Amino acid sequence: MSQSAVEKGASSLSVPQLYAALEKELARARESKTYKYEVPIDGKQDGVVSVQGKNEVMLASNNYLGLANHPRILEAAKMGLEQYGFGMASVRFICGTQKIHLDLEEKIANFLGMESAILHSSCYAANEAFFAALVAAELDMSNYKDMIYSDKLNHASIIDGIRLARIGTKSTESRPYNHGDLNQLKQFLEEDRSSGYRTRIIATDGVFSMEGDYAPLAEMVSLAAKENALLVVDESHSTGVLGATGRGTPEQCGVHGKIDVIIGTLGKALSGAAGGFIAGKKPLIDFLRQKSRPYTFSNTLPPPIVCAASEAITMLSEDDSLVKQLHANTEYFRKEIKRLGFTILDGIHPIVPVMVGEAPIAMDMSDQLLKEGVYVRGLWYPVVPKGEARLRVQISAAHRPGDLDIALGAFEKVGKRLGVIK
Ligand SMILES: Cc1ncc(COP(=O)(O)O)c(C=O)c1O
């Protein structure tokens, strides 16, 4: 109910009316085909999973390196459980810090070429933490304004982080720029150069999850330096994925170690369970340890997750074979799906958007693919623009070539049946 309705004394909903209103809203979502259904998996996440006893090639998970069930990761998690216990029943600063938490933070920072890192319970929490804490900093300036420039396709957690920052300080402004539009970003930065902002922050996803494209970080690093802005990159879909050794979009763009702040997840390539982090210069990370609200008021990461994520980084540091496998699988799938006549968004990332046009086709196609042994999800308006409905394929190092061939065969069959390809 709006504030003005409250002020006018409009009658409030009874609790049963509230539930009825919620039901109505859900029915509307079902009718408009925006209701999100869950398709439960019988067992473990992998390159091939079981759904109601039937094998499905998994093309929808963020398990990019296939570590979610890798024997070394399972071993590390078991060791974590046995040596360090299940949980710490505390936030970090009370009694929730073990040496393994500090070691993992150091390992993340070293792997990404950063000075320091701080764990959070998720990347979502890390994004909410970062913007709100930084702009609320007093920093010896009483009358200030901050500005955040944000790519319009940034992840929901960056958007929410910026919202929180704006609510928290009332002196934070944001200018969303068109997706990947460096000229517009440059124009905004130039226009604001003498506006007296205390801190200017450029926030971007490294890889954009609906498109599978990546931010032009080399240019963004130069622009940020020229304009005295802090460059913040969410590497959730990039760490372990892009770059010859999996060090992410900065490595891909030749600017490893040159990003001001990297925010990331442990819930995708880096073992796939949960957890997030912020990496950057030491004073910034030390400051967040004092001021991040999700860090201060929410439980520490459980030891089995910490040990598993740590093992994931050890594996990536020792050897790039999984990254190479992921790249080879991605190249193969991208080439073959195009050969079948499908339109995809070109690129190099294992997120391969297969464009099918209107929402009903994407819905039918994902349903029929499931029947043909492929687990893939469709995306349609309002998640992506109207007429740009797609199946978002995600390739993994866990796929064997035979798995991808099964998936391609099913795409060909269903694509022809639905008239998406000839
Ligand atoms: C770009 C991006 N940032 C943040 C997140 C949230 O990560 P987590 O699951 O660790 O909260 C996601 C997850 O989908 C993401 O794609």
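**Exercise 1. A loop residue and its partners**

Which residues does Glu 115 touch, not counting residues up to four places away in sequence?

*Solution.* The model is predicted. Begin with position. Glu 115 sits in the loop between helix H5 (99-112) and strand S3 (116-120). Next, list the contacts. Glu 115 touches Ala 109, Gly 280, Lys 281, Lys 282 and Pro 283. Now take one of them, Lys 282. Glu 115 and Lys 282 are 167 residues apart along the chain, yet their C-alpha atoms are separated by 5.8 Å. Finally, look at the atoms. The side chain of Glu 115 reaches the backbone nitrogen of Lys 282 at 2.9 Å.

**Exercise 2. Two domains**

Describe how the protein is divided, and describe the contact between domain 1 and domain 2.

*Solution.* Step one: find the bounds. Domain 1 is made of 33-64 + 321-417, and domain 2 covers 71-318. The contact takes 20 residues from domain 1 and 21 residues from domain 2.

Step two: place the centres. The C-alpha centres of the two domains lie 28 Å apart.

Step three: give the area. About 1500 Å² is buried between domain 1 and domain 2. Carbon and sulfur atoms give 63% of this area.

Step four: count the polar links. There are 6 residue pairs in polar contact between the domains. On the side of domain 1 that touches domain 2, helix H14 (321-339), strand S11 (351-357) and strand S14 (389-394) each give two or more residues. The largest share, 4 residues, comes from H14. By type, this side of domain 1 has 12 nonpolar, 5 polar and 3 charged residues.

**Exercise 3. Salt bridges**

How many salt bridges does the rule find across the interface of domain 1 and domain 2? Then examine a pair whose residues are 246 residues apart.

*Solution.* Recall the principle. Side chains of opposite charge can pair when their charged atoms come close. Apply the cut-off: a side-chain nitrogen of Lys or Arg must be within 4 Å of a carboxyl oxygen of Asp or Glu. The count comes to 26 salt bridges. Across the interface of domain 1 and domain 2 there is 1.

Test one pair against the cut-off. The side chains of Glu 211 and Arg 390 meet at 3.1 Å, N to O. This pair is a salt bridge.

Test another. Arg 72 and Glu 318 also form a salt bridge, at 3.2 Å, N to O. Here the pair links distant parts of the chain, with Arg 72 in helix H3 (residues 71-84) and Glu 318 in helix H13 (residues 303-318).

**Exercise 4. Around the ligand**

Name residues around the ligand, then find side chains with polar atoms at a stated distance from the ligand.

*Solution.* Start with the list. The residues around the ligand include Ser 122, Cys 123, Tyr 124, His 155, Asp 205, Ser 236, Thr 265 and Lys 268. Now sort by ligand atom. For nitrogen, an N or O atom in the side chain of His 155 is 3.5 Å from a nitrogen atom of the ligand. For Ser 236, the distance from a side-chain N or O atom to a ligand nitrogen is 3.2 Å. For oxygen, a polar side-chain atom of Thr 265 lies 2.7 Å from an oxygen atom of the ligand.

**Exercise 5. Backbone exceptions**

Which two residues does a cis peptide bond join, and what is the phi of Asn 228?

*Solution.* Set the background. Most residues other than glycine have a negative phi, and most peptide bonds are trans. Check the bond. A cis peptide bond joins Tyr 381 and Pro 382, with omega about 10 degrees. Pro 382 lies in the loop between strand S13 (377-379) and S14. Check the angle. Asn 228 is not a glycine, but its phi is positive, about 55 degrees. Asn 228 is in the loop between helix H9 (217-227) and strand S7 (230-234).

Technical notes:
Residues numbered from 1 in each chain as written. Predicted model: local features only at pLDDT ≥ 70, side-chain atom pairs only at ≥ 80, totals over all residues. Heavy atoms only, no water. Domains from an automatic or database assignment. Contact = heavy atoms within 4.5 Å. Buried area = accessible area lost by both parts, 1.4 Å probe. Polar contact = N/O pair within 3.5 Å; in protein donor to acceptor, adjacent residues only side chain to side chain. Nonpolar A, V, L, I, M, F, W, Y, C, P; charged D, E, K, R; others polar. Near = heavy atom within 4 Å.
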